[in-house]
Amino acid sequence: MATGGDDLKLLGVWDSPYVNRVQIVLNLKGLSYEYVEEDLLNKSELLLSSNPMHKKVPVLIHGGKPVCESQVIVQYLDEVFAGAGPSILPADPYERATARFWAAFVDDKVGSPWYTILFAREAEKKAEAAALIVAALETLEGAFRDCSGERGGYFGGDGVGFVDVVLGSYLGWFKVIEKMTGVRVLDAARTPLLAAWGERFAAADAAKGVLPDDVDKVLEFLQTFLD
Amino acid sequence: MAGEKSLVLLDFWVSPFGQRCRIALAEKGLEYEYSEQELLGTKSDLLLRSNPVHKKIPVLLHAGRPVNESLVILNYLDEAFPASPPLLPADPYARAQARFWAAYSDKVYEVGTRLWKLKGDAHGQAKKEMAEVLANLDGELGDKAFFSGDEFGFVDVALVPFAPWLPSYEKYGEFSVKEKWPRLDAWARRCGERESVAKSLHPPEKVDEFITLLKKHYGIE
């Protein structure tokens, strides 16, 4: 099992999809790292100096140098630790472009509404956002069919890839969203392939123990930011 | 020059996102067919088939296969044409920085659009944000010739298409880039001296005319 080489440190918040996807990739690649749980209501000096512009998590600090933005971090890890574990991005340039396209789609069309559901005060806005996520997942059902092809159970084919970790990082929240809005955004009746993929991904070793699975704990934690 | 390996760019004349691709293709010495798309009217079948999810330009067609999203296209060009001059640096840490700042540069357009579209408090908020964005970019550029150092590269390609929009944003935002961030102003001029940039960008007056057209289109006074 490869180690992190120069030390790896990850500044994060336990229930952030953006942090979770980095943790999943670190697990997939068998990299050891120090995890630092940040208090977003009382940000550490390290976080503020490592990400002065956005002051957000995740921040990966590798040998003392910070890398920000979760998708940038994932690609960085894939490039620096190319020998460690599976490649997160495929080798073929066209497939890489396709993976990047869908990853951007996920954070835009699932991520933005997710944020609205968490922080918008009006129930109507939350409901609208949940509907947007449903629509996005319907599109992703088609994308899954195209990406995984005959090859396997993931967007990345036989193994977990870039789109899997990006979309998969929201899985823990889908049950929370259901409790908050009454909408089951990921539903086997609507998107059977994606629903099966969701179970598969959440059960993967790299994701277990990372994705939040206690809905009430997440809601309680969220409340601390809303008060 | 048609054929299996041909490159076609579906684009719209004034789009800074399209211009990123035009500049990249020119820098890399890659021949391609430019295909102007109708955006305000009826979109072509080719565009709708190539980018069914967003129905937007730019779209790069390579041997008929579509690549969408300007920064994805830029990454793709580096990877699919490894013999051509690279846009991204070789070092992974430098690449991560370049990707971060290229993505950040999108904010210039996003905030700038709010500057000319919105009024009142929202406009005030956009003014504040634009100042932050430009200050951050100026800070990152520092005293370097280009964002990654001495060589024109990925971040420069991503950001420079917004340069002809800045005079309009200055007008709507009541600020002067030359006054507040002279290094950024000098950088824009320096980039403009490159053939790839000079040939791809339109003068600020044309951009401003286009904004006026868009305002009419959206019913904004």
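**Note on a predicted two-chain model**

1. Just after helix α7 of chain A, Gly182(A) adopts a positive phi of about 80°. This is a predicted model, and the value, like the others in this note, is computed from its atoms. The helix that precedes this glycine runs over residues 171-181 of chain A, and the next two points stay with that helix.

2. Which residues of α7(A) are buried? They are Leu171(A), Gly172(A), Trp173(A), Phe174(A), Val176(A) and Ile177(A), where buried stands for a relative accessible area under 20%. In an α-helix, residues three or four places apart point the same way, because there are 3.6 residues a turn. The partners of the buried residues of α7(A) belong to chain A: they pack against α1 (17-28), α4 (93-119), α5 (123-148), α6 (162-168), α8 and α9 (215-226).

3. Helix α7(A) also takes part in a pocket, the second largest, which has a volume of about 520 Å³. Of the 21 residues in its lining, those closest to the centre are Leu171(A), Lys175(A), Gly198(A), Glu199(A) and Ala202(A). The elements that contribute two or more residues to this lining are α7 (171-181) and α8 (192-203) of chain A, and α7(A) gives the most, with five residues. Leu171(A) therefore appears in two settings, since it is among the buried residues of α7(A), under the 20% limit, and is also one of the residues closest to the pocket centre.

4. What is the make-up of the lining of the second largest pocket, in nonpolar, polar and charged residues? The lining divides into 11 nonpolar, three polar and seven charged residues. Among the residues closest to the centre, Lys175(A) and Glu199(A) belong to the charged class, while Gly198(A) is counted as polar under the grouping used here.

5. Turning to chain A as a whole, the chain has nine helices and four strands, and from the N terminus on its elements follow the order β-α-β-α-β-β-α-α-α-α-α-α-α. With 227 residues, a compact globule would be expected to have a radius of gyration near 17 Å, and because chain A has 17 Å, the two agree. The C-alpha trace of chain A spans about 50 × 45 × 25 Å along its principal axes. Buried residues account for 51% of the 227 residues in chain A, and, among contacts with a separation of 6 or more, 68% are between residues 24 or more positions apart. The accessible surface of chain A comes to about 10,000 Å², with 51% of it belonging to carbon and sulfur atoms.

6. Chain B has 11 helices and four strands. For its 221 residues the compact-globule expectation is a radius of gyration near 17 Å, and the 17 Å of chain B therefore agrees. The C-alpha trace of chain B spans about 50 × 45 × 25 Å along its principal axes, and buried residues make up 51% of the 221 residues. Of the contacts in chain B between residues at least 6 apart in sequence, 68% join residues at least 24 apart. Chain B exposes about 10,500 Å², and carbon and sulfur atoms supply 53% of that area.

7. One residue of chain B may be checked in the model: Lys171(B), which lies in helix α7 (residues 166-173) of that chain. Is Lys171(B) partly exposed or buried? Its relative accessibility is 48%, so Lys171(B) counts as partly exposed. Lys171(B) and Val157(B) are separated by 14 residues in sequence and by 24 Å in space, C-alpha to C-alpha.

Notes: Residues numbered from 1 in each chain as written. Chains lettered and ligands numbered in written order. Predicted model: local features only at pLDDT ≥ 70, side-chain atom pairs only at ≥ 80, totals over all residues. Heavy atoms only, no water. 1 Å grid on protein atoms, 1.4 Å probe; cavity = no way out; pocket = protein on both sides within 12 Å on 5 of 7 lines; lining within 4 Å. Points joined across faces, edges and corners; volume = space filled by probe spheres on them. Rg over C-alpha atoms; globule rule 2.2 N^0.38 Å. Buried < 20%, exposed > 50% of the residue type's maximum accessible area, 1.4 Å probe, protein only. Contact = heavy atoms within 4.5 Å. Areas by Shrake-Rupley, 256 points an atom, 1.4 Å probe, with all protein chains shown as cover.
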